[in-house]
Amino acid sequence: MNIFKGSILLAFAFIFMLAPSAWSHPHMSIDNSVTAVFDANGLAGFRLEWTFDEMSSSIFILDFDVNKNGRLEKSEIAALEKGAFSNLKNFEYFTNILTGLS
């Protein structure tokens, strides 16, 4: 194989390695955490927290802060949930917890 063909193959391999990152939302970054919640009977559940970056948070406020007071009221949060998050169920955003695995 000559050097030119080898270079082209290497370039295609490099492009395909980067492809998944090209399909993500470059303007949105989410940090997440999971906390186990216990009660008197033991494990009661899990608390999941998503923390959006400043740009995403600013976009949410600009789009859903109807009264323009710089914070989201209960009705605005409900509109944000409906407009930006309700459709996520179609993209498998649920967390599955499996027990009893052997």
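**A chain and its nonpolar surface patch**

The chain exposes about 9,100 Å², and carbon and sulfur atoms supply 62% of that area. These values belong to a predicted model, in which buried residues make up 8% of the 102 residues in the chain.

Turning to the secondary structure, the chain holds three helices and two strands, and these elements follow one another along the sequence in the pattern α-β-β-α-α, with both strands coming after one helix and before the other two. As for how parts of the chain meet, when contacts between residues at least 6 apart in sequence are taken as the reference, 27% of them join residues that are at least 24 apart.

The surface itself carries a nonpolar patch, formed by Val34, Phe38, Leu43, Phe46, Leu48 and Ile97, which together have about 610 Å² of accessible area. Two elements each give two or more residues to this patch, namely strand S1, which spans 30-39, and strand S2, which spans 42-52. Of the contributors, S2 gives the most, with three residues.

One of the patch residues can be followed in more detail. Leucine 48 is found in strand S2, and its relative accessibility is 43%. Because buried means under 20% and exposed means over 50%, leucine 48 at 43% counts as partly exposed. That value is also compatible with its place in the patch, since patches are made of residues with over 30% relative accessible area, and leucine 48 is among the residues that form the nonpolar patch.

Note on methods
Residues numbered from 1 in each chain as written. Predicted model: local features only at pLDDT ≥ 70, side-chain atom pairs only at ≥ 80, totals over all residues. Heavy atoms only, no water. Helix = DSSP H or I, 4+ residues; strand = E, 2+ residues; numbered from the N terminus. Buried < 20%, exposed > 50% of the residue type's maximum accessible area, 1.4 Å probe, protein only. Contact = heavy atoms within 4.5 Å. Areas by Shrake-Rupley, 256 points an atom, 1.4 Å probe, with all protein chains shown as cover. Patch = residues over 30% accessible without salt bridge, like charges linked within 9 Å, V, L, I, M, F, W, Y side chains within 5 Å. Salt bridge = Lys/Arg side-chain N within 4 Å of Asp/Glu carboxyl O.
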